[in-house]
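User: I have a new structure open and would like to talk through it with you. Could we begin with the ligand and then work outwards?

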Amino acid sequence: MTWKIKQRQQKWLEGERGTVRKDWGGKITIALAFPNRYAVGMSNLGFQYVYQALNRFETVVCERVFYPEPEDMALVRQSPGGLLSVESQRPLPDFDLVAFSVPYENDYTNLVEMLELSGIPPRARERGSTRPLIAAGGVALFINPEPLADYLDFVFAGEGEALLSEFLDFFKELRNGSGSRPEILLDLAKSVEGIYVPSLYEPVYGEDGTLEAIRPCAPDLPERIPVRRADLSREDPCRTAVFTANTEFSNVMLLEIGRGCGRGCRFCAAGFVYRPVRYHSAERLLQAASPECGTNRIGLVSAAVSDHPEIVDLCTSLLDRGGSLSFSSLRADTIGSRILSALEASEHHAVAIAPEAGSERLRRVINKKLSEDQIFRAAEMLAEKNILNIKLYFMIGLPTEERADLEAIVELAKEIRHHVLHSSRGKTRLGTVTLSVNSFVPKPFTPFQWTAFAGVAELKEKAKWIQKALAKVPNVRVHFDLPKWAYVQALLSRGDRRVSLFIDKVARENFTWTRAMRTSPLNPDFWVMRERQQEEKFPWEVLDHAIERNYLWEEYRRALAEKESPECRPGKNCRKCGVCGP
Ligand code: SF4
């Protein structure tokens, strides 16, 4: 049976450019695991970066492992080796370390399933021998590692550029020694800043079930784990390492132009956990996107691409080389003539804008700082350049949202449609306005960490209302996410270690989420639907992002008072959050 799986992996390898294959002799062996399918993992720049970065060390061999394709699941379950690495097709227990890269909370159950499929006891305390150690990193873990705490030997709390070299130096020594698993983990936790070993920390709960503390269980351990940040001015930009036709970005080189976002939108975790915003210089980026990389199709990636201080020069130089460009995100207020020309030259016919909320009032609550006029102007300018398909991102269930805010979404969509159709008059194609409406999930380390999730029934009702209001409007389409999955995401991003009970049921006993929640002695609403008190301790505060809690609370109060706050601009006037010092 295993040969069928091997055959599929062989096909992947044959279709790739940039694969790294190394001899194992004497090296630290790392299985870099992605808890989703090959196509999803290979489209993820963070995963691609870690693969490239680890293999740059001569002392390391890093191979990739993915969650099985649906049609292979039965075969993997029957095969004695379980999951195999793509490069040398070895089972996970052959490696020194299995390191998961986890960008999305809803993949947590896949991570647990992957351990079980590989014959590795999923819960850390059930694992006896030292090999392999099981670790994880990625943005979901930066935000809150606690729901996965019982499954992981350790967590990488920090950006790879800041952490990997020091970790590998230390890990090499430990691997050559004779320490037991607990001894190795204690040594790691004490020696490498940014390594969090959950088994060395004990949560204490009060009678009402709220968290009172997470206490270190050994002397010399930090109370909170400082999250490590990279100095990007000294680093090469992250870019696609392995090209494959089997991804969303086939033959496009994704290039990270900056990290974090200075806008301070209050719902967005990336805007807080990656502070301060940092950019690569245009010079470095042009080197990274040199013609030798084998493609001139470049995808510029960052939380707000058009905020890069040298974006015009960068686009001009890349286009002058005959390249085509795409942008992971554009702000309506920064779409200027050069970016429009870049979109036109790259033959884009659709662009996404994210008003996030329909009314000016609600956009003040979330600190989006985008006026209706700016949105209309952007739609008109895009249409003038023949970009007639506009995608609009909105959220429903935001704090303080009322019916008037939903009505404003409908009115805004109609108005944009009017602008697009007006501009496309006389052209052969008519434009389409597509709304992507997603349920708001309050995230850790944001000013909305205290607020409650709106609830599945309420979100369904709101979605239905918007759908009905726009049903008869031609050239407008509406897509919604499923509120039940947003509920699960809220549970997994806001939970503590006790939510592993639900993860176990889904990953190990094959329950649906609905059944896991209905049959559990714990009520998931405790984590999802409860508004928190100002002083309540949060499980994610075991990590220290250096953002002051008072700053976030004050931002929350300002949100409820509909007050905007200035942007995060290092070296300039800011509402000091603590990251750049007092
Ligand atoms: S201290 Fe100011 S510039 Fe630094 S991260 Fe915080 S808001 Fe941004």
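**Around the ligand**

Analyst: Gladly; the residues around the ligand are Arg275, Pro276, Cys568, Arg569, Pro570, Cys574, Lys576, Cys577, Val579 and Cys580. Please keep in mind throughout that this is a predicted model.

User: How does that shell around the ligand divide into nonpolar, polar and charged residues?

Analyst: The shell divides into 7 nonpolar residues and 3 charged ones, with no polar residues. Among the residues around the ligand, Cys568, Cys574, Cys577 and Cys580 are cysteines.

User: Okay, zooming out, how many helices and strands does the chain have?

Analyst: The secondary structure of the chain comes to 21 helices and 21 strands. The radius of gyration is 24 Å, close to the 25 Å that the globule rule gives for 582 residues, so the chain is as compact as a globular protein of that length. Taken along the principal axes, the C-alpha atoms fill a box of roughly 75 × 60 × 50 Å.

User: And what domains is the chain divided into?

Analyst: There is domain 1, covering 2-226, and domain 2, which is made up of 252-494 + 546-560. Their C-alpha centres lie 32 Å apart, and the contact between them takes 9 residues from domain 1 and 14 residues from domain 2. On the side of domain 1 that touches domain 2, the residues divide into 5 nonpolar, 2 polar and 2 charged.

User: Switching to sheets, what is the strand order in the one with 6 strands?

Analyst: That open sheet runs in the order S3-S2-S4-S5-S6-S7, with mixed pairing, and its edge strands, S3 (60-66) and S7 (195-196), each pair on one side only. Within the sheet, S4 (residues 97-101) and S5 (residues 133-137) pair in the parallel sense over 5 bridges, and Ser101 has Gly137 in S5 as its bridge partner.

User: Which strands does helix H3 lie across?

Analyst: Helix H3 (residues 45-56) lies across S2 (28-34), S3 and S4, and runs at about 155 degrees to S3.

User: What about the sheet with 3 strands, is its pairing parallel or antiparallel?

Analyst: The pairing there is parallel, in an open sheet with the order S12-S15-S16. The edge strands are S12 (253-256) and S16 (324-327), each pairing on one side only, while the twist averages 30 degrees from one strand to the next.

User: How many bridges join S12 to S15?

Analyst: S12 is joined to S15 (residues 297-301) by 4 bridges, and the bridge partner of Met253 in S15 is Ile298.

Methods
Residues are numbered from 1 along each chain as its sequence is written. This is a predicted model: local features need pLDDT of at least 70, side-chain atom pairs count only at pLDDT 80 or more; totals for chains, interfaces and linings use all residues. Domain bounds come from an automatic or database domain assignment. Two residues are in contact if their C-beta atoms, placed from the backbone, lie within 7 Å. Ala, Val, Leu, Ile, Met, Phe, Trp, Tyr, Cys and Pro count as nonpolar, Asp, Glu, Lys and Arg as charged, and the others, Gly among them, as polar. Two strands pair if DSSP finds at least two bridges between them. Helices (H or I, at least four residues) and strands (E, at least two) are DSSP runs, numbered from the N terminus. Axes are lines fitted to C-alpha atoms, for helices over the stretch in contact, and angles run from 0 to 180 degrees between N-to-C directions. A residue is near a molecule or strand if its C-beta atom, placed from the backbone, lies within 6 Å of it. The radius of gyration is taken over C-alpha atoms; the globule rule is 2.2 Å times the number of residues to the power 0.38.
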